[in-house]
Amino acid sequence: MGSLPPLQFIPNPDPNCKDHQQELINPDNLLNLFKTQQKYLNHFFQNLDLSQTLSFTQTLLNSTGTIFFTGVGKSGFVAQKISQTLVSLGIKSGFLSPVDALHGDIGILSSADVLVMFSKSGNTEELVRLAPCAKAKGAYLISITSLEPNALMGLCDMNVNLPLERELCPFDLAPVTSTAIQMVFGDTVAIALMGARNFNKEMYAANHPAGRIGKSLIFKVKDLMKKKDELPVCREGDLIMDQLVELTSKGCGCLLVVDNDYHLLGTFTDGDLRRTLKASGEGIFKLTVGEMCNRRPRTIDPDAMAVEAMKKMESPPSAVQFLPVVNHDNILIGIVTLHGLVSAGL
């Protein structure tokens with residue numbers, strides 16, 4: 001099926017019919033909205049109280065318990081996202097629904113925990129009701145608000161103000177700029193904690209084992225290579241025509257030419273077979289693999305990262321579909337294929 005043409009080129013079937021009148025986005029208005037949002041975000045960056053932000057970040061870093069986040073509506077979604085970011089960085093965190101907390105879930109709070117409350121106004125009824133109850137559990141309360149004064153400020157141990165000029169919404173109602181600065185603030189603090197805890201790539205990968213990022217930082221060539229009976233090996237004196245089954249049956253698209261001690265001597269690919277057949281014709285029946293193999297193939301170490309193998313396969317002067325895996329003595333121990341790397345999720 002073909003894609004629809006751009007909106008502005010869709011013909012109006014009946015210009016006089018109100019039901020079919022087409023509404024188009026004015027590009028100038030759209031650009032102005034982005035510029036205005038940029039202005040509002042700049043207001044946030046230029047007026048953020050660094051001392052408040054530093055105290056907040058240090059408090060989270062010093063926490064010995066769980067850092068809980070809470071909020072209602074759009075602020076609640078932001079709170080959930082920031083909590084998930086911290087968890088992915090190995091920091092004990094969770095989202096506490098303010099409604100569920102008042103019906104039993106507050107039992108998860110302890111005196112070692114921190115509860116961060118996101119609210120634009122600071123007067124959200126559910127949070128105002130939750131604050132004294134959480135305080136009674138001994139948790140340390142922090143409010144993240146944009147309008148001052150507000151009710152949460154008097155109920156929490158710490159308050160951080162996120163400067164808000166106004167919402168991008170023409171009525172200054174829909175929470176779009178306020179939630180944007182909440183997200184920027186929370187995620188930036190998360191990265192600050194990441195740096196303070198010396199969180200490295202290996203630790204990040206350990207928390208993301210199923211993702212492409214994690215796999216690229218965890219998997220080594222030896223984890224994904226074919227070995228032993230899976231290898232399409234032959235000797236340099238073998239006739240090419242006698243090795244066709246070996247060439248095609250192992251699913252590697254090549255032969256790995258070795259000596260009696262399993263030192264890698266070269267490779268012979270199905271592409272080499274086609275080129276040899278074209279150049280030699282019937283003479284191919286007398287040719288040995290050693291006469292036509294590539295004596296300088298690309299190879300890789302078994303302890304190299306799998307993502308490095310993929311880069312090596314794709315490097316100039318031309319891409320290849322496999323890499324023989326050899327040790328420091330050039331002894332063949334395996335083969336890694338592009339298909340195998342892609343199948344592993346790299």
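This is a walk through a predicted model of one protein chain, from its overall form to single residues.

Start with the whole chain. The protein chain carries 14 helices and 10 strands. Its C-alpha trace spans about 90 × 70 × 40 Å along the principal axes. The radius of gyration is 31 Å, whereas a compact globule of 346 residues would have a value near 20 Å. Of the 346 residues in the protein chain, 39% are buried. The chain exposes about 19,300 Å², and carbon and sulfur atoms supply 56% of that area.

Next come contacts and charge. Take the contacts in the protein chain between residues at least 6 apart in sequence: 64% of them join residues at least 24 apart. The protein chain has 31 positive and 35 negative charges. The mean positions of these two sets lie 2 Å apart.

Now turn to single sites, beginning with Ser97. Ser97 sits in the loop between strand S2 (93-95) and helix H4 (98-101). Its relative accessibility is 18%; the cut-off for buried is under 20%, so Ser97 counts as buried. The Ser97 side chain reaches the backbone nitrogen of Asp100 at 3.3 Å. Asp100 falls within the range of H4, residues 98-101.

Move on to Val128. Val128 belongs to helix H5, residues 125-136. Is Val128 buried, exposed or partly exposed? At 26% relative accessibility, Val128 is partly exposed, because that class lies between the 20% and 50% cut-offs. Leaving aside neighbours within four places in sequence, Val128 is in contact with Gly122, Asn123, Ala151, Leu152 and Leu155. Val160 is 32 residues from Val128 along the chain, and the two C-alpha atoms are separated by 16 Å.

The loop between strand S4 (140-145) and S5 holds Pro149. A cis peptide bond joins Glu148 to Pro149, with omega at about -5°. A second cis bond links Pro316 and Pro317, and there omega is about 5°. Pro317 is in the loop between helix H13 (306-314) and strand S9 (322-326). Both bonds stand out because most peptide bonds are trans.

Leu164 comes after S5. Its loop runs between strand S5 (158-161) and helix H6 (177-196). Leu164 has a relative accessible area of 16% and is buried, because buried means under 20%. Which residues does Leu164 touch, not counting those up to four places away in sequence? They are His43, Lys120, Ser146, Thr177, Ser178 and Ile181. Thr177, Ser178 and Ile181 fall within the range of H6, residues 177-196. Leu147 is 17 residues from Leu164 along the chain, with 7.8 Å between their C-alpha atoms.

Backbone angles come next. Most residues other than glycine have a negative phi. Asn198 has a positive phi, near 55°. Asn198 lies in the loop between H6 and helix H7 (201-206). Its relative accessible area is 61%, and Asn198 is exposed, because exposed means over 50%. Lys228 is not a glycine either, and its phi is positive at about 55°. The loop that holds Lys228 runs between helix H9 (221-224) and strand S6 (233-235). At 71% relative accessibility, Lys228 also counts as exposed.

Helix H9 leads to the last site, Val221. Where Lys228 is exposed, Val221 is buried, with a relative accessible area of 0%. What surrounds Val221, once residues up to four places away in sequence are set aside? Val221 touches Ile300, Asp301, Pro302, Ala304, Met305, Ala306, Ala309, Val325 and Val336. Among them, Ala306 and Ala309 fall within the range of H13, residues 306-314, and Val325 falls within that of S9, residues 322-326. H13 and S9 are the elements that flank the loop of Pro317. How far apart are the C-alpha atoms of Val221 and Val336? They are separated by 6.9 Å, although the two residues are 115 places apart along the chain.

How values were computed
Residues are numbered from 1 along each chain as its sequence is written. This is a predicted model: local features need pLDDT of at least 70, side-chain atom pairs count only at pLDDT 80 or more; totals for chains, interfaces and linings use all residues. Side-chain values use heavy atoms; hydrogens and water are left out. Helices (H or I, at least four residues) and strands (E, at least two) are DSSP runs, numbered from the N terminus. Buried means under 20% relative accessible area, exposed over 50%, partly exposed in between (1.4 Å probe, protein chains only). A polar contact is a pair of N or O atoms within 3.5 Å; within protein, one must be able to donate a hydrogen and the other to accept it, and residues adjacent in sequence count only if both atoms are side-chain atoms. Contact means heavy atoms within 4.5 Å. The radius of gyration is taken over C-alpha atoms; the globule rule is 2.2 Å times the number of residues to the power 0.38. Accessible areas come from the Shrake-Rupley method with a 1.4 Å probe; for residues, only the protein chains shown count as cover. Lys and Arg count as positive and Asp and Glu as negative; His and the chain ends are not counted. The place of a charge is taken as NZ of Lys, CZ of Arg, CG of Asp or CD of Glu.
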